[in-house]
Amino acid sequence: MPLLGSRARTLGLSPGQDGGPQDNRGVSMPQRVVESPRDWLESTPFTKKCARDGDASPATPRAAPVMIDDIHEFHHPKSPNFVHPSKWCVTLDDLEYFEREVMEVFGRPACDVWPADEGPDRLGPNIQQVVDRYIKPVTKKQGGMSWALMRNPDGLKCDVFATHCWAEGVYEFVGKVRRNWPRGAKHLWACFLANPQNGNLASLLHVRIQDSPFARALRQAKHFLVVPNSKVSIYTRLWCVYEASLAIRHVRRGLVSTLPTEAPFSKIARKSAPGLLLGAVCFFGSVFFVGRHAAHIFPPVVWLLFAMYTSLLGRYVVRWWRREHGDRNVTLNDTAEIMVAWLNLASVCFGFGLVHQSLQGRRREDHWAWEDGEGWGCTFVTVSLVLMHLGNIYKTIKLAVQRSEAGQLEFTSVREAKCTEASDQEKITEAIKGKEDFIDEFVRLLTVVGRFDEVVAMNSEYGMTAERARAGLPNLRVLPPCCAWSY
(Lines give C-alpha, C1' and ligand atoms only; values in the text may rest on other atoms or scores of the structure.)
Protein backbone atom coordinates (compact mmCIF):
# COMPACT_ATOMS: atom_id res chain seq x y z
CA MET A 1 0.00 0.00 0.00
CA PRO A 2 1.49 3.38 -0.95
CA LEU A 3 2.54 5.67 1.84
CA LEU A 4 0.22 8.55 2.68
CA GLY A 5 1.45 12.10 2.21
CA SER A 6 2.53 14.01 5.30
CA ARG A 7 -0.57 16.25 5.07
CA ALA A 8 -2.90 13.23 5.07
CA ARG A 9 -1.11 11.67 8.04
CA THR A 10 -1.29 14.96 9.93
CA LEU A 11 -5.02 15.19 9.36
CA GLY A 12 -5.53 11.59 10.48
CA LEU A 13 -7.07 10.46 7.19
CA SER A 14 -7.30 6.81 6.20
CA PRO A 15 -6.13 5.43 2.83
CA GLY A 16 -8.74 4.96 0.12
CA GLN A 17 -9.04 2.09 -2.30
CA ASP A 18 -6.69 3.81 -4.72
CA GLY A 19 -4.06 4.37 -2.03
CA GLY A 20 -4.99 8.02 -1.52
CA PRO A 21 -6.45 9.56 1.65
CA GLN A 22 -10.16 9.54 2.43
CA ASP A 23 -12.35 12.11 4.11
CA ASN A 24 -14.82 11.29 6.88
CA ARG A 25 -17.36 10.07 4.32
CA GLY A 26 -14.94 7.55 2.79
CA VAL A 27 -14.46 9.60 -0.38
CA SER A 28 -10.97 9.48 -1.84
CA MET A 29 -9.19 12.81 -2.11
CA PRO A 30 -6.10 13.89 -4.05
CA GLN A 31 -2.86 13.84 -2.10
CA ARG A 32 -1.25 17.16 -1.36
CA VAL A 33 2.03 17.03 0.50
CA VAL A 34 3.56 19.93 2.38
CA GLU A 35 7.14 18.88 3.15
CA SER A 36 8.48 21.91 5.01
CA PRO A 37 7.71 25.50 5.98
CA ARG A 38 9.72 26.58 2.95
CA ASP A 39 7.33 24.68 0.66
CA TRP A 40 4.47 26.66 2.16
CA LEU A 41 6.46 29.90 2.01
CA GLU A 42 7.22 29.43 -1.70
CA SER A 43 3.48 29.16 -2.43
CA THR A 44 2.48 32.41 -0.76
CA PRO A 45 1.32 35.42 -2.81
CA PHE A 46 4.30 37.45 -1.50
CA THR A 47 6.83 34.94 -2.88
CA LYS A 48 5.00 34.78 -6.20
CA LYS A 49 5.14 38.58 -6.38
CA CYS A 50 8.89 38.46 -5.70
CA ALA A 51 9.29 36.01 -8.57
CA ARG A 52 7.33 38.30 -10.89
CA ASP A 53 9.47 41.25 -9.85
CA GLY A 54 12.67 39.33 -10.60
CA ASP A 55 13.58 38.27 -7.05
CA ALA A 56 13.49 34.47 -7.14
CA SER A 57 14.36 34.03 -3.45
CA PRO A 58 11.57 34.40 -0.89
CA ALA A 59 11.81 36.48 2.23
CA THR A 60 13.98 35.02 4.97
CA PRO A 61 11.82 32.92 7.31
CA ARG A 62 11.64 33.94 10.94
CA ALA A 63 13.57 32.07 13.53
CA ALA A 64 12.11 28.95 15.17
CA PRO A 65 8.86 29.89 16.94
CA VAL A 66 8.84 30.45 20.69
CA MET A 67 5.91 29.40 22.87
CA ILE A 68 5.18 31.57 25.91
CA ASP A 69 2.60 30.24 28.40
CA ASP A 70 1.57 27.77 25.71
CA ILE A 71 0.82 30.62 23.27
CA HIS A 72 2.78 31.36 20.11
CA GLU A 73 5.07 34.37 20.42
CA PHE A 74 3.17 36.28 17.73
CA HIS A 75 0.11 36.30 20.02
CA HIS A 76 1.71 36.80 23.45
CA PRO A 77 1.85 40.45 24.65
CA LYS A 78 5.19 39.88 26.42
CA SER A 79 6.95 38.65 23.29
CA PRO A 80 9.18 41.00 21.28
CA ASN A 81 7.56 39.56 18.14
CA PHE A 82 4.04 40.24 19.37
CA VAL A 83 1.56 41.30 16.68
CA HIS A 84 -1.31 43.53 17.79
CA PRO A 85 -4.63 41.57 17.87
CA SER A 86 -6.24 44.00 15.42
CA LYS A 87 -3.73 42.78 12.81
CA TRP A 88 -4.63 39.10 12.98
CA CYS A 89 -6.38 39.46 9.63
CA VAL A 90 -6.68 37.85 6.22
CA THR A 91 -7.29 39.22 2.75
CA LEU A 92 -10.05 38.15 0.39
CA ASP A 93 -7.45 36.16 -1.56
CA ASP A 94 -6.45 34.42 1.67
CA LEU A 95 -10.09 33.57 2.34
CA GLU A 96 -10.51 32.06 -1.12
CA TYR A 97 -7.27 30.09 -0.70
CA PHE A 98 -8.59 28.86 2.67
CA GLU A 99 -11.82 27.71 0.99
CA ARG A 100 -9.88 25.73 -1.63
CA GLU A 101 -7.80 24.07 1.07
CA VAL A 102 -10.88 23.10 3.05
CA MET A 103 -12.45 21.67 -0.11
CA GLU A 104 -9.43 19.41 -0.54
CA VAL A 105 -10.04 17.98 2.92
CA PHE A 106 -13.85 17.86 3.08
CA GLY A 107 -14.88 17.89 -0.58
CA ARG A 108 -16.51 20.53 -2.73
CA PRO A 109 -20.05 21.81 -2.08
CA ALA A 110 -22.83 20.32 -4.18
CA CYS A 111 -23.38 23.66 -5.96
CA ASP A 112 -23.25 27.41 -5.41
CA VAL A 113 -23.87 28.25 -1.77
CA TRP A 114 -27.11 30.23 -2.25
CA PRO A 115 -29.58 30.12 -0.72
CA ALA A 116 -27.99 28.75 2.39
CA ASP A 117 -30.89 26.66 3.62
CA GLU A 118 -31.18 23.99 0.96
CA GLY A 119 -29.18 21.11 2.35
CA PRO A 120 -25.99 20.35 4.29
CA ASP A 121 -23.92 19.74 1.14
CA ARG A 122 -24.19 23.44 0.35
CA LEU A 123 -23.20 24.55 3.84
CA GLY A 124 -20.10 22.41 4.25
CA PRO A 125 -18.59 21.28 7.56
CA ASN A 126 -19.10 23.55 10.52
CA ILE A 127 -16.34 25.82 11.78
CA GLN A 128 -15.47 23.53 14.69
CA GLN A 129 -14.85 20.61 12.32
CA VAL A 130 -12.69 22.78 10.07
CA VAL A 131 -10.65 23.97 13.06
CA ASP A 132 -10.09 20.41 14.30
CA ARG A 133 -9.30 18.75 10.98
CA TYR A 134 -7.61 21.50 9.00
CA ILE A 135 -6.58 24.65 10.90
CA LYS A 136 -5.04 22.98 13.95
CA PRO A 137 -2.89 20.44 12.04
CA VAL A 138 -1.68 22.95 9.45
CA THR A 139 -0.86 25.76 11.89
CA LYS A 140 0.77 23.35 14.35
CA LYS A 141 3.10 22.18 11.60
CA GLN A 142 4.12 25.79 10.92
CA GLY A 143 4.77 26.62 14.56
CA GLY A 144 1.42 27.05 16.32
CA MET A 145 0.41 30.57 15.30
CA SER A 146 -3.06 31.42 14.01
CA TRP A 147 -3.97 30.69 10.41
CA ALA A 148 -4.11 34.44 9.71
CA LEU A 149 -0.56 35.04 10.97
CA MET A 150 0.64 31.90 9.23
CA ARG A 151 -0.38 33.58 5.98
CA ASN A 152 0.63 37.12 7.03
CA PRO A 153 3.32 36.95 9.75
CA ASP A 154 3.58 40.75 10.06
CA GLY A 155 -0.18 41.19 10.38
CA LEU A 156 -2.65 43.29 8.42
CA LYS A 157 -4.64 46.31 9.57
CA CYS A 158 -8.25 45.41 10.35
CA ASP A 159 -10.92 46.82 8.02
CA VAL A 160 -13.76 44.33 8.46
CA PHE A 161 -14.78 42.53 11.65
CA ALA A 162 -16.94 39.43 11.03
CA THR A 163 -19.26 38.36 13.84
CA HIS A 164 -20.56 34.81 13.39
CA CYS A 165 -21.21 31.48 15.11
CA TRP A 166 -19.15 28.30 14.92
CA ALA A 167 -22.24 26.18 14.20
CA GLU A 168 -22.44 27.53 10.64
CA GLY A 169 -21.11 25.76 7.56
CA VAL A 170 -17.76 27.03 6.37
CA TYR A 171 -18.89 27.34 2.72
CA GLU A 172 -21.91 29.28 3.94
CA PHE A 173 -19.62 31.68 5.84
CA VAL A 174 -17.12 32.18 3.01
CA GLY A 175 -19.87 32.62 0.41
CA LYS A 176 -21.65 35.32 2.38
CA VAL A 177 -18.44 37.17 3.22
CA ARG A 178 -17.24 37.05 -0.39
CA ARG A 179 -20.49 38.44 -1.83
CA ASN A 180 -20.81 41.14 0.83
CA TRP A 181 -17.17 42.23 1.10
CA PRO A 182 -17.36 46.01 1.76
CA ARG A 183 -16.16 48.25 -1.03
CA GLY A 184 -12.65 49.54 -0.38
CA ALA A 185 -11.97 47.10 2.48
CA LYS A 186 -8.84 44.96 2.32
CA HIS A 187 -8.53 42.86 5.47
CA LEU A 188 -10.94 40.72 7.50
CA TRP A 189 -10.81 39.68 11.17
CA ALA A 190 -12.60 36.39 11.91
CA CYS A 191 -12.05 34.70 15.26
CA PHE A 192 -11.40 31.14 14.04
CA LEU A 193 -8.73 32.41 11.64
CA ALA A 194 -7.34 35.13 13.93
CA ASN A 195 -6.90 33.26 17.22
CA PRO A 196 -4.15 30.61 17.68
CA GLN A 197 -6.25 27.44 17.81
CA ASN A 198 -3.30 25.35 19.06
CA GLY A 199 -2.57 27.74 21.90
CA ASN A 200 -4.05 28.14 25.35
CA LEU A 201 -6.99 30.35 24.37
CA ALA A 202 -8.22 30.46 27.97
CA SER A 203 -5.07 32.29 29.06
CA LEU A 204 -5.31 34.56 26.00
CA LEU A 205 -8.82 35.57 27.05
CA HIS A 206 -8.00 35.71 30.78
CA VAL A 207 -7.91 39.51 30.70
CA ARG A 208 -10.44 42.29 31.09
CA ILE A 209 -13.05 41.71 28.44
CA GLN A 210 -12.45 45.15 26.91
CA ASP A 211 -8.81 44.08 26.40
CA SER A 212 -9.70 40.79 24.68
CA PRO A 213 -8.55 40.28 21.08
CA PHE A 214 -12.16 40.66 19.91
CA ALA A 215 -12.57 44.08 21.52
CA ARG A 216 -9.15 45.36 20.42
CA ALA A 217 -9.76 44.31 16.81
CA LEU A 218 -13.26 45.80 16.71
CA ARG A 219 -11.93 49.16 17.91
CA GLN A 220 -9.89 49.41 14.70
CA ALA A 221 -12.50 48.08 12.26
CA LYS A 222 -14.40 50.25 9.79
CA HIS A 223 -17.03 47.63 8.95
CA PHE A 224 -18.92 45.23 11.20
CA LEU A 225 -20.20 42.35 9.06
CA VAL A 226 -22.96 40.30 10.72
CA VAL A 227 -22.94 36.77 9.25
CA PRO A 228 -26.10 34.83 10.16
CA ASN A 229 -26.39 31.09 9.52
CA SER A 230 -29.11 28.53 8.92
CA LYS A 231 -28.33 26.53 12.08
CA VAL A 232 -28.76 28.90 15.01
CA SER A 233 -29.22 32.61 15.67
CA ILE A 234 -25.86 34.18 16.46
CA TYR A 235 -27.57 36.39 19.07
CA THR A 236 -28.20 33.38 21.25
CA ARG A 237 -24.39 33.43 21.77
CA LEU A 238 -23.04 35.88 24.32
CA TRP A 239 -19.79 36.67 22.52
CA CYS A 240 -21.79 37.84 19.47
CA VAL A 241 -24.00 39.91 21.79
CA TYR A 242 -20.92 41.54 23.32
CA GLU A 243 -19.55 42.31 19.85
CA ALA A 244 -22.89 43.93 18.99
CA SER A 245 -22.63 46.12 22.09
CA LEU A 246 -19.17 47.25 20.95
CA ALA A 247 -20.51 47.98 17.44
CA ILE A 248 -23.15 50.28 18.97
CA ARG A 249 -20.47 52.07 20.98
CA HIS A 250 -18.25 52.62 17.94
CA VAL A 251 -20.96 53.77 15.53
CA ARG A 252 -20.22 57.42 16.36
CA ARG A 253 -16.69 57.08 14.99
CA GLY A 254 -18.05 55.80 11.66
CA LEU A 255 -18.34 52.04 12.15
CA VAL A 256 -20.91 50.60 9.70
CA SER A 257 -22.73 47.38 10.63
CA THR A 258 -24.19 45.44 7.71
CA LEU A 259 -26.25 42.33 7.12
CA PRO A 260 -25.56 40.18 4.00
CA THR A 261 -27.94 41.43 1.30
CA GLU A 262 -26.15 40.69 -1.96
CA ALA A 263 -27.43 37.92 -4.25
CA PRO A 264 -25.26 36.20 -6.87
CA PHE A 265 -24.99 38.15 -10.11
CA SER A 266 -26.25 35.10 -12.01
CA LYS A 267 -29.56 35.26 -10.14
CA ILE A 268 -29.97 38.98 -10.82
CA ALA A 269 -29.21 38.40 -14.51
CA ARG A 270 -31.73 35.56 -14.73
CA LYS A 271 -34.47 37.72 -13.21
CA SER A 272 -33.67 40.73 -15.40
CA ALA A 273 -33.22 38.97 -18.76
CA PRO A 274 -36.95 38.27 -19.44
CA GLY A 275 -37.80 41.94 -18.93
CA LEU A 276 -35.04 43.11 -21.27
CA LEU A 277 -36.06 40.55 -23.88
CA LEU A 278 -39.70 41.57 -23.65
CA GLY A 279 -38.68 45.23 -23.92
CA ALA A 280 -36.64 44.55 -27.07
CA VAL A 281 -39.56 42.71 -28.69
CA CYS A 282 -41.95 45.59 -27.86
CA PHE A 283 -39.50 48.19 -29.18
CA PHE A 284 -39.03 46.53 -32.56
CA GLY A 285 -42.77 45.75 -32.77
CA SER A 286 -43.66 49.40 -32.23
CA VAL A 287 -41.00 50.60 -34.70
CA PHE A 288 -41.81 48.27 -37.60
CA PHE A 289 -45.53 47.68 -37.11
CA VAL A 290 -47.56 49.89 -34.74
CA GLY A 291 -45.45 53.00 -35.15
CA ARG A 292 -46.01 53.25 -38.90
CA HIS A 293 -49.72 53.75 -38.34
CA ALA A 294 -49.96 55.47 -34.93
CA ALA A 295 -46.73 57.41 -34.31
CA HIS A 296 -48.02 60.55 -36.07
CA ILE A 297 -51.04 60.89 -33.76
CA PHE A 298 -49.11 62.50 -30.87
CA PRO A 299 -45.77 64.28 -30.57
CA PRO A 300 -42.81 62.31 -29.10
CA VAL A 301 -43.06 63.81 -25.62
CA VAL A 302 -46.67 62.60 -25.30
CA TRP A 303 -45.70 59.03 -26.18
CA LEU A 304 -42.90 59.25 -23.65
CA LEU A 305 -45.26 60.47 -20.93
CA PHE A 306 -47.66 57.68 -21.88
CA ALA A 307 -44.91 55.09 -21.36
CA MET A 308 -43.80 56.68 -18.09
CA TYR A 309 -47.22 56.87 -16.47
CA THR A 310 -48.24 53.42 -17.69
CA SER A 311 -45.18 51.94 -16.02
CA LEU A 312 -45.87 53.84 -12.79
CA LEU A 313 -49.50 52.68 -12.83
CA GLY A 314 -48.39 49.05 -12.72
CA ARG A 315 -46.24 49.73 -9.67
CA TYR A 316 -49.09 51.46 -7.84
CA VAL A 317 -51.36 48.48 -8.55
CA VAL A 318 -48.85 46.15 -6.89
CA ARG A 319 -48.55 48.48 -3.91
CA TRP A 320 -52.34 48.55 -3.58
CA TRP A 321 -52.43 44.73 -3.70
CA ARG A 322 -49.82 44.42 -0.97
CA ARG A 323 -51.58 47.00 1.19
CA GLU A 324 -54.93 45.21 0.86
CA HIS A 325 -53.71 41.64 1.20
CA GLY A 326 -50.69 42.14 3.42
CA ASP A 327 -47.50 40.09 3.19
CA ARG A 328 -49.06 36.69 3.77
CA ASN A 329 -47.31 35.27 0.73
CA VAL A 330 -43.99 37.05 0.49
CA THR A 331 -42.70 34.92 -2.38
CA LEU A 332 -45.80 35.65 -4.46
CA ASN A 333 -45.46 39.37 -3.75
CA ASP A 334 -41.81 39.35 -4.83
CA THR A 335 -42.71 37.49 -8.02
CA ALA A 336 -45.45 40.03 -8.75
CA GLU A 337 -43.01 42.92 -8.22
CA ILE A 338 -40.54 41.41 -10.69
CA MET A 339 -43.22 40.63 -13.29
CA VAL A 340 -44.58 44.18 -13.05
CA ALA A 341 -41.03 45.45 -13.62
CA TRP A 342 -40.91 43.31 -16.78
CA LEU A 343 -44.19 44.83 -17.99
CA ASN A 344 -42.91 48.31 -17.17
CA LEU A 345 -39.79 47.68 -19.24
CA ALA A 346 -41.99 46.52 -22.11
CA SER A 347 -44.17 49.65 -21.80
CA VAL A 348 -41.19 52.01 -21.79
CA CYS A 349 -39.54 50.31 -24.77
CA PHE A 350 -42.84 50.25 -26.69
CA GLY A 351 -43.29 53.97 -26.07
CA PHE A 352 -39.74 54.70 -27.16
CA GLY A 353 -40.39 52.85 -30.42
CA LEU A 354 -43.33 55.19 -31.07
CA VAL A 355 -41.10 58.16 -30.19
CA HIS A 356 -38.53 56.93 -32.70
CA GLN A 357 -41.10 56.63 -35.47
CA SER A 358 -42.66 59.98 -34.58
CA LEU A 359 -39.30 61.71 -34.88
CA GLN A 360 -38.59 59.96 -38.17
CA GLY A 361 -41.91 61.17 -39.58
CA ARG A 362 -41.32 64.73 -38.37
CA ARG A 363 -37.95 64.83 -40.05
CA ARG A 364 -39.84 64.45 -43.30
CA GLU A 365 -42.02 67.41 -42.21
CA ASP A 366 -45.09 65.20 -42.42
CA HIS A 367 -46.34 65.88 -38.93
CA TRP A 368 -45.40 67.80 -35.78
CA ALA A 369 -42.59 70.32 -35.72
CA TRP A 370 -39.64 69.33 -33.57
CA GLU A 371 -36.42 70.84 -32.25
CA ASP A 372 -32.84 69.75 -32.72
CA GLY A 373 -31.71 67.46 -29.91
CA GLU A 374 -35.23 66.34 -29.00
CA GLY A 375 -34.33 62.77 -29.93
CA TRP A 376 -31.40 62.77 -27.51
CA GLY A 377 -33.62 64.13 -24.75
CA CYS A 378 -36.16 61.34 -25.29
CA THR A 379 -33.36 58.77 -25.36
CA PHE A 380 -31.95 59.92 -22.00
CA VAL A 381 -35.38 59.82 -20.36
CA THR A 382 -36.02 56.33 -21.75
CA VAL A 383 -32.67 55.00 -20.58
CA SER A 384 -33.27 56.44 -17.11
CA LEU A 385 -36.67 54.70 -16.95
CA VAL A 386 -35.14 51.38 -18.02
CA LEU A 387 -32.46 51.72 -15.34
CA MET A 388 -35.11 52.56 -12.75
CA HIS A 389 -37.11 49.41 -13.49
CA LEU A 390 -33.98 47.24 -13.55
CA GLY A 391 -33.12 48.81 -10.20
CA ASN A 392 -36.55 47.76 -8.90
CA ILE A 393 -35.79 44.14 -9.87
CA TYR A 394 -32.42 44.31 -8.11
CA LYS A 395 -33.99 45.87 -5.03
CA THR A 396 -36.69 43.17 -4.87
CA ILE A 397 -34.08 40.40 -5.00
CA LYS A 398 -31.92 42.20 -2.46
CA LEU A 399 -34.83 42.57 -0.02
CA ALA A 400 -35.63 38.87 -0.43
CA VAL A 401 -32.06 38.00 0.55
CA GLN A 402 -32.20 40.42 3.46
CA ARG A 403 -35.43 38.87 4.75
CA SER A 404 -33.84 35.43 4.56
CA GLU A 405 -30.77 36.60 6.50
CA ALA A 406 -32.89 38.49 9.03
CA GLY A 407 -34.96 35.37 9.63
CA GLN A 408 -31.77 33.57 10.65
CA LEU A 409 -31.21 36.19 13.37
CA GLU A 410 -34.59 35.52 14.97
CA PHE A 411 -34.42 35.57 18.76
CA THR A 412 -36.38 36.76 21.78
CA SER A 413 -33.86 38.94 23.61
CA VAL A 414 -30.13 39.02 24.15
CA ARG A 415 -30.88 38.47 27.84
CA GLU A 416 -31.36 34.80 26.97
CA ALA A 417 -27.99 34.42 25.23
CA LYS A 418 -25.58 31.84 26.61
CA CYS A 419 -21.86 31.15 26.58
CA THR A 420 -19.92 27.87 26.74
CA GLU A 421 -17.46 29.03 29.40
CA ALA A 422 -18.97 30.08 32.73
CA SER A 423 -16.21 32.63 33.35
CA ASP A 424 -16.81 34.27 29.94
CA GLN A 425 -20.56 34.36 30.57
CA GLU A 426 -20.03 36.14 33.87
CA LYS A 427 -17.72 38.77 32.36
CA ILE A 428 -19.91 39.44 29.31
CA THR A 429 -23.11 39.59 31.34
CA GLU A 430 -21.52 42.18 33.58
CA ALA A 431 -20.18 44.15 30.58
CA ILE A 432 -23.59 44.44 28.85
CA LYS A 433 -25.61 44.94 32.01
CA GLY A 434 -28.18 47.70 31.46
CA LYS A 435 -27.58 47.74 27.68
CA GLU A 436 -29.78 44.79 26.73
CA ASP A 437 -32.63 46.92 25.36
CA PHE A 438 -30.24 48.96 23.19
CA ILE A 439 -28.74 45.76 21.76
CA ASP A 440 -32.20 44.35 21.05
CA GLU A 441 -33.09 47.56 19.19
CA PHE A 442 -29.79 47.38 17.28
CA VAL A 443 -30.61 43.87 16.06
CA ARG A 444 -34.18 44.89 15.15
CA LEU A 445 -32.99 47.85 13.06
CA LEU A 446 -30.32 45.70 11.45
CA THR A 447 -32.83 43.06 10.38
CA VAL A 448 -35.25 45.62 8.90
CA VAL A 449 -32.87 48.19 7.39
CA GLY A 450 -30.02 45.81 6.54
CA ARG A 451 -27.40 48.11 8.02
CA PHE A 452 -26.74 50.20 11.12
CA ASP A 453 -24.64 53.33 10.99
CA GLU A 454 -24.67 56.88 12.32
CA VAL A 455 -27.39 57.97 9.86
CA VAL A 456 -29.72 55.07 10.74
CA ALA A 457 -29.16 55.68 14.45
CA MET A 458 -29.91 59.40 14.07
CA ASN A 459 -33.07 58.79 12.02
CA SER A 460 -34.26 56.26 14.59
CA GLU A 461 -33.72 58.77 17.39
CA TYR A 462 -35.77 61.34 15.45
CA GLY A 463 -38.67 58.90 15.13
CA MET A 464 -38.29 57.66 11.56
CA THR A 465 -39.58 54.13 11.06
CA ALA A 466 -37.13 51.40 10.14
CA GLU A 467 -39.03 50.70 6.90
CA ARG A 468 -38.71 54.34 5.79
CA ALA A 469 -35.02 54.38 6.69
CA ARG A 470 -34.55 51.24 4.59
CA ALA A 471 -36.30 52.75 1.56
CA GLY A 472 -34.28 55.96 1.63
CA LEU A 473 -34.15 57.93 -1.63
CA PRO A 474 -33.01 55.58 -4.43
CA ASN A 475 -30.76 57.29 -6.96
CA LEU A 476 -32.30 55.45 -9.91
CA ARG A 477 -35.75 56.74 -8.96
CA VAL A 478 -34.51 60.33 -8.93
CA LEU A 479 -32.81 60.00 -12.33
CA PRO A 480 -35.92 59.99 -14.61
CA PRO A 481 -37.37 63.24 -13.19
CA CYS A 482 -33.98 64.91 -13.56
CA CYS A 483 -33.69 63.79 -17.17
CA ALA A 484 -37.29 64.83 -17.88
CA TRP A 485 -36.69 68.26 -16.35
CA SER A 486 -33.55 68.82 -18.46
CA TYR A 487 -35.54 67.67 -21.52
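This briefing covers the strands, a helix, one buried leucine and two cysteines of a predicted model. The protein chain has 487 residues, and 49% of them are buried. Its secondary structure comes to 21 helices and eight strands. Six of the strands form an open sheet with mixed pairing, and the structure holds zero disulfides.

**Whole chain**

- The accessible surface of the protein chain is about 24,700 Å², and carbon and sulfur atoms hold 58% of that area.
- Among contacts in the chain with a separation of 6 or more, 77% are between residues 24 or more positions apart.

**Sheet order and edges**

- Read across the open sheet, the six strands come in the order β3-β5-β4-β6-β7-β8.
- The edge positions belong to β3 (90–91) and β8 (451–452); each has a single partner strand, so one side of each has no neighbour in the sheet.
- Strands of a sheet pair through backbone hydrogen bonds, and the pairing can be parallel or antiparallel.
- The pairing of β3 with β5 is antiparallel and consists of two bridges.
- Within this pairing, T91 lies opposite H187 of β5.

**Strand β4 and its two partners**

- Strand β4 covers residues 160–163, with V160 and A162 pointing one way and F161 and T163 the other way.
- All four of these β4 residues are buried.
- On one pairing, β4 runs parallel to β5 (residues 187–189), and two bridges join them.
- V160 of β4 faces L188 of β5 across this pairing.
- Between these two strands the chain passes through helix α8 (residues 170–179), giving a right-handed β-α-β crossover.
- β4 also pairs with β6 (residues 223–226), in the parallel sense and over four bridges.
- Two of the residue pairs between β4 and β6 are F161 with F224 and T163 with V226.

**Strand β6 and its link to β7**

- β6 is covered on both faces: H223 and L225 are buried on one side, and F224 and V226 are buried on the other.
- β6 pairs with β7 (residues 256–258) in the parallel sense, over three bridges.
- F224, a bridge partner of F161 in β4, also has S257 of β7 as a bridge partner.
- Helix α12 (residues 238–249) takes part with β6 and β7 in a right-handed β-α-β unit.

**Helix α4**

- Helix α4 spans residues 92–106, which is 15 residues.
- From its first C-alpha to its last, α4 reaches 21 Å, close to the 21 Å expected at 1.5 Å a residue.
- The buried residues of α4 include D94, E99 and E101 as well as L95, Y97, F98, V102, M103, V105 and F106.
- An α-helix has 3.6 residues a turn, so residues three or four places apart point the same way.
- G107 follows α4 and has a positive phi, near 100°.

**L204 and its surroundings**

- L204 sits in helix α10 (residues 201–204).
- The relative accessibility of L204 is 10%, so this residue counts as buried, the cut-off being under 20%.
- Apart from neighbours within four places in sequence, L204 has contacts with I71, H75, W88, N195, P196 and P213.
- One of these contacts, H75, is 129 residues from L204 in sequence, while the two C-alpha atoms are 8.3 Å apart.

**Cysteines C89 and C158**

- The cysteine sulfur closest to that of C89 belongs to C158, at 4.3 Å, which is too far for a bond.
- A disulfide would need the two sulfur atoms within 2.5 Å.
- C158 is likewise in no disulfide, and its nearest cysteine sulfur is that of C89, 4.3 Å away.
- C89 has 0% relative accessibility and therefore counts as buried.
- C158 is buried as well, with a relative accessible area of 1%.

Definitions and conventions: Residues numbered from 1 in each chain as written. Predicted model: local features only at pLDDT ≥ 70, side-chain atom pairs only at ≥ 80, totals over all residues. Heavy atoms only, no water. Buried < 20%, exposed > 50% of the residue type's maximum accessible area, 1.4 Å probe, protein only. Pairing = 2+ DSSP bridges. Right-handed = clockwise from strand over helix to strand, strands pointing away. Contact = heavy atoms within 4.5 Å. Areas by Shrake-Rupley, 256 points an atom, 1.4 Å probe, with all protein chains shown as cover. Expected span 1.5 Å × (residues − 1).
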